[in-house]
Amino acid sequence: MAKFLSQDQINEFKECFSLYDTKQRGKIRGSELLAVMRSLGTSPTPGEVQRHLQLHRMDRNAELDFSTFLNIMYRQMKQEEPQEEILRALAMLDREKRGVIAVPELRAKLTRLGEKLSEEEVDDLLREAKVGPNGTIKYEEFVRLVCLPSVDY
């Protein structure tokens, strides 16, 4: 599965993995997997972590190596697919199925539900978006824009 991850991702995962590899043996305990995965930006539930471990015939007391960890991270990242999740959520708001959402409604959802954004964060996102003359945004384009990798230079 590592062939599907970028070298930058692998390096980031290795750095975090090493922080939990307290005995410096190239292994972490299964009981630490949830914390390591969440610190890397994924959001597995305890049940999902248990299933990942079971897939590799391990339990919470077992130790897993970095290769196994990469495999688990790849599977979790593919499972989460934030772009699809966001699209589904916005599509539910589109009662008329026109592919657009009103800016005030989007702002309200982003500042009041889930992981709440500040007004300034929403302003930054909307500055990048193409707001139509009637005050709506094509949400597929918006999600594509929001999910672009951040520029790192």
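**Exercise 1. Find which residues of α5 meet which residues of α8 in this predicted model, and work out how the two helices are oriented.**

Solution. Begin with the contacts: on the α5 side they involve Q83, I86, L87, L90 and A91, and these meet Y139, E140, F142, V143 and R144 of α8. Next, take the geometry, in which helix α5 (residues 82–93) and helix α8 (residues 139–146) pack with their axes 10 Å apart and at an angle of about 150°. Angles over 145 degrees count as roughly antiparallel, and therefore α5 is roughly antiparallel to α8. Finally, the crossing in which α5 passes α8 is right-handed.

**Exercise 2. Determine how α3 and α4 are oriented to one another, and which residues bring them together.**

Solution. The axes of α3 and α4 lie 11 Å apart, and the packing angle is about 135°. An angle over 145 degrees would be roughly antiparallel, and 65 to 115 would be roughly perpendicular, with the rest counted as oblique, so α3 is oblique to α4. The handedness of the crossing of α3 and α4 is right-handed. As for the residues, E48, H52 and L55 belong to α3, and they meet I72, R75, Q76 and Q79 of α4.

**Exercise 3. Describe the largest nonpolar core, say which helices supply it, and trace the contacts of F13.**

Solution. The largest nonpolar core holds 21 residues, and F13, L33, L64 and F69 are those with the most contacts inside it. At least two residues of this core come from each of α1 (7–20), α2 (33–39), α3 (46–55) and α4 (66–80), while α4 gives the most, with six residues. Turning to F13, and leaving aside residues up to four places away in sequence, one finds that F13 touches L5, L40, F66, F69, L70, M73 and M77. There is also a second, separate core of 12 residues, which includes L87, L90, V103 and A129.

**Exercise 4. State how the protein chain is divided into domains, and how far apart the domain centres are.**

Solution. The division gives domain 1, covering 7–79, and domain 2, covering 82–147. Taken over C-alpha atoms, the centres of domain 1 and domain 2 are separated by 32 Å.

**Exercise 5. Identify the buried residues of α6, find what they pack against, and describe G114 just after this helix.**

Solution. In α6, the residues V103, L106, A108 and T111 are buried. The elements against which the buried residues of α6 pack are α5, β3 (100–102), α7, β4 (136–138) and α8. Just after α6 comes G114, which takes a positive phi of about 60°.

**Exercise 6. Decide whether the loop residues L117 and N61 are buried, partly exposed or exposed, and place each in its surroundings.**

Solution. Take L117, which lies in the loop between α6 (103–112) and α7 (119–128). Because its relative accessibility is 25%, L117 counts as partly exposed. Not counting residues up to four places away in sequence, L117 touches L110, T111, V122 and L125. L117 and R107 are 10 residues apart in sequence, and C-alpha to C-alpha they are 9.0 Å apart in space.

Then take N61, which lies in the loop between α3 and β2 (63–65). The cut-off for exposed is over 50%, and N61 counts as exposed because its relative accessibility is 67%. N61 and R29 are 32 residues apart in sequence, yet 6.3 Å apart in space, C-alpha to C-alpha.

How values were computed. Residues are numbered from 1 along each chain as its sequence is written. This is a predicted model: local features need pLDDT of at least 70, side-chain atom pairs count only at pLDDT 80 or more; totals for chains, interfaces and linings use all residues. Side-chain values use heavy atoms; hydrogens and water are left out. A nonpolar core is a set of buried Ala, Val, Leu, Ile, Met, Phe, Trp, Tyr and Cys residues joined through side-chain atoms within 4.5 Å. Buried means under 20% relative accessible area, exposed over 50%, partly exposed in between (1.4 Å probe, protein chains only). Helices (H or I, at least four residues) and strands (E, at least two) are DSSP runs, numbered from the N terminus. Contact means heavy atoms within 4.5 Å. Domain bounds come from an automatic or database domain assignment. Axes are lines fitted to C-alpha atoms, for helices over the stretch in contact, and angles run from 0 to 180 degrees between N-to-C directions. Angles under 35 degrees count as roughly parallel, over 145 as roughly antiparallel, 65 to 115 as roughly perpendicular and the rest as oblique. A crossing is left-handed if the near helix is turned anticlockwise from the far one by less than a right angle, and right-handed if clockwise.
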